[in-house]
Amino acid sequence: MKHNTLTVAIQGKELVFETGKVARQANGAVMLSSGHTTILATACATKQAGPDVDFFPLRVDYQEKFSSAGKTLGGFLKREGKPTEKEVLVSRLIDRPIRPMFEDGFYNEVQILSYVLSYDENHATEPLAICAASAALVISDIPLIKPVAGVRVGMKNDMFIINPSEAELAGSELDLMLAGTEDAILMIEGYAKFLTEETVLAAIAEGHEAIKTICKALSDWQNVVGKEKMKAELRLPPQELVQSIENMVGEELSACYTIKQKLEREAAIEKVTEKVNAHFLPEGQENAHSPSIVQAAFKKVSSKLMRKVILEKNIRCDGRSTTEIRPISIETSFLGRTHGSTLFTRGETQTIAVCTLGGESMGQRYEDLQGEGLRRFYLQYSFPPFSVGEVGRVGAPGRREVGHGKLAERSLQAILPASEAFPYTIRLESNITESNGSSSMASVCGGCLAMMDAGVPIKRPVAGIAMGLILEEGRFSILSDILGVEDALGDMDFKVAGDQDGITAFQMDIKVEGITLDIMKAALTQAKEGRIHILQKMLDAMPKSRENLSKYAPRIESIQIKQSKIGTVIGPGGKQIRAIIEETGVEIDINDEGIVNISSNNAEALEKAKAIIHNLTAEVEIGKVYKGPVVGIQPFGVFVKLVGGKEGLCHISELSHQRVQNIEDYIKEGDELEVKVLDINDRGQIKLSRKVLLPPPQKKAPSSTEEGQGS
């Protein structure tokens with residue numbers, strides 16, 4: 001392929017696509033640059049699907065090369081290895097809009113690899129990674145249905161910014177990632193500071209206009225440099241098989257989708273599945289269809305029957321209407337020894353949410369292209385296999401767990417108190433113990449309640465809800481608080497978090513292209529009603545944050561010192577701060593602004609550490625009284641140690657109202673003296689007085705003889 005470039009301008013910012021120079025043996029390879037940020041994306045596929053594959057094996061990996069920003073990893077190993085949290089999240093952002101753009105039944109293995117090769121700390125990589133991956137597929141022979149593009153939308157002063165710089169994003173009220181085709185939106189993930197539904201819809205519409213521009217340019221580019229698409233076998237169940245299964249078990253299967261309890265419903269469906277397999281896949285015989293084709297046909301029938309009941313009768317599997325929320329049960333202070341905990345149950349989805357408070361040492365340290373950082377708030381989500389009644393892998397969190405945890409974490413970010421008012425690190429756990437739809441939104445509700453139970457003074461409580469969609473030939477039905485089966489067989493998973501006044505987070509994945517802004521508007525309106533219902537249940541259980549922290553939580557107090565005094569507290573090589581910690585047993589953290597956070601479970605130790613730091617950093621002021629030890633005696637006076645390690649001279653004439661002949665007969669080294677600062681000269685020398693703090697000597701009363709003589 002010859003070298004070729006494509007330039008697209010979005011709000012005055014250029015995206016430059018380039019192919020034919022790098023990675024020419026891949027099915028498709030594109031380098032995408034904006035400013036000095038460059039991403040290489042490659043797409044490769046096998047010539048045919050594996051013989052027993054019954055799903056689309058798409059693998060997407062995104063990696064940030066630290067050399068792209070002129071850095072190297074700070075740890076012992078200097079080579080990039082296990083994906084970071086951000087790399088996992090961006091991999092998911094690429095995967096989610098691209099996956100629906102392959103035809104049903106296409107089971108060839110496809111691998112998309114994206115690498116950040118240059119990063120200018122100004123142009124964000126996430127939207128570029130989506131566009132680069134799509135472009136690599138578009139110009140390749142891999143049969144992508146149509147181009148996909150991604151943009152980021154920020155908002156400042158009520159103006160939307162497409163692909164904002166890192167500086168613009170820092171002060172933005174909105175952080176929206178949006179991906180789709182020229183005709184429809186496929187993926188949304190956004191975080192906001194309590195924006196209204198109308199503002200969110202306007203941002204989506206603005207972002208989609210930019211997406212249309214990029215997708216149109218990629219379509220035109222495909223006509224110039226694109227390869228002919230491969231003719232892949234589509235493993236689709238024949239319509240006759242689908243009809244035969246429906247005729248055979250349609251009534252039984254429809255009855256299964258009226259069973260309210262998940263496990264009972266799944267057991268009933270399993271019996272119907274066995275009946276179908278026994279008929280179409282008899283053991284010991286040569287079968288007309290493979291197991292995967294029979295399974296695909298059965299799923300198609302299942303989806304059709306479940307969707308039909310919802311659209312025609314407005315009734316769901318568990319008997320609810322489309323707008324009804326499952327029963328909610330809340331138990332606060334669920335675990336006696338934790339700092340804050342809540343058992344949150346919504347239908348058959350349940351989480352044990354736990355809040356732990358600590359000092360800066362409990363913060364989550366991370367390293368990325370912009371350098372090292374520390375998160376003072378983070379949420380860790382776990383989804384053990386027993387939560388869905390299965391046997392499975394247990395270990396490091398998978399991509400789904402990382403994604404769900406980050407969505408819940410950022411949903412709660414907007415309600416956190418300022419660090420100056422609440423200088424704690426906050427760690428949340430969401431331990432999913434049952435799952436049947438939207439455990440991430442249960443994590444938002446449980447996490448909020450756990451913080452309130454721990455006494456975190458949140459700005460305002462928020463709740464989360466997941467919405468579904470059934471769309472058939474122009475008819476649609478929006479489902480509030482979706483079940484797992486409605487997610488699996490439906491057309492949309494739309495999660496929204498916030499309160500009655502605004503939205504803090506939203507995430508949408510769509511399996512069909514027919515989602516319009518009107519449908520999104522209806523979904524957001526219905527989500528608001530459900531969110532308010534859930535929030536009221538939460539407030540009934542816990543109207544506000546507890547007034548006091550748990551007795552098991554550490555106490556943290558903050559001291560503001562001058563930035564020039566930071567080195568004094570730390571000492572050479574950290575000697576001074578280590579000495580304070582060893583002497584008192586507290587934890588001490590100091591930031592660059594001079595805020596010292598002291599944490600301890602022992603009030604006496606905390607006060608002692610505060611006193612030491614105060615004495616190290618306090619400035620001596622004229623007119624103030626101090627108490628300190630005598631550190632030197634001279635014939636002309638004594639030297640007294642004051643706050644901040646400074647010394648002042650109390651002249652012999654300022655020791656007492658009476659004349660002092662010999663100081664050592666009067667004062668010993670080490671004695672504590674209370675003195676007042678009289679003056680500080682230009683050279684910083686401090687003049688002290690003890691005499692002014694002593695009561696004046698009593699005057700002798702005159703004798704009667706003296707009185708007579710005077711008269």
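The buried residues of helix α8 are E401, V402, G403, H404, G405, K406, L407, A408, E409, S411 and L412; buried means under 20% relative accessible area, exposed over 50%, and partly exposed in between (1.4 Å probe, protein chains only). The structure is a predicted model, in which local features need pLDDT of at least 70, side-chain atom pairs count only at pLDDT 80 or more, and totals for chains, interfaces and linings use all residues. Residues are numbered from 1 along each chain as its sequence is written, and side-chain values use heavy atoms, with hydrogens and water left out.

Helix α8 covers residues 399-413 and is mostly covered, with 11 of its 15 residues buried. Helices (H or I, at least four residues) and strands (E, at least two) are DSSP runs, numbered from the N terminus. From first C-alpha to last, α8 reaches 21 Å, close to the 21 Å expected at 1.5 Å a residue; the expected span is 1.5 Å times one less than the number of residues.

L412 of this helix also belongs to the largest nonpolar core, where F17, V110, L174, I214, L357, L412 and M451 touch the most other members among 169 residues. Such a core is a set of buried Ala, Val, Leu, Ile, Met, Phe, Trp, Tyr and Cys residues joined through side-chain atoms within 4.5 Å. Helix α4 (residues 197-225) gives the largest share of this core, 12 residues. A second, separate core of 20 residues includes C650, L673, I686 and L688.

Two loop residues are set side by side below. Contact means heavy atoms within 4.5 Å.

| Residue | Loop | Relative accessible area | Contacts beyond four places in sequence |
|---|---|---|---|
| N163 | between β8 (159-162) and α3 (166-170) | 15%, buried | K13, L15, P127, V151 and R152 |
| G226 | between α4 and α5 (239-256) | 28%, partly exposed | I139 and W221 |

An open sheet of 6 strands has the order β1-β2-β3-β4-β6-β5, with mixed pairing; two strands pair if DSSP finds at least two bridges between them. Its edge strands, β1 (4-10) and β5 (58-64), each pair on one side only. Strands β1 and β2 (residues 13-19) are antiparallel over 7 bridges, and L6 has F17 in β2 as its bridge partner. Helix α2 (residues 125-139) packs on the sheet, and its direction makes about 40° with that of β4 (37-45). Axes are lines fitted to C-alpha atoms, for helices over the stretch in contact, and angles run from 0 to 180 degrees between N-to-C directions.
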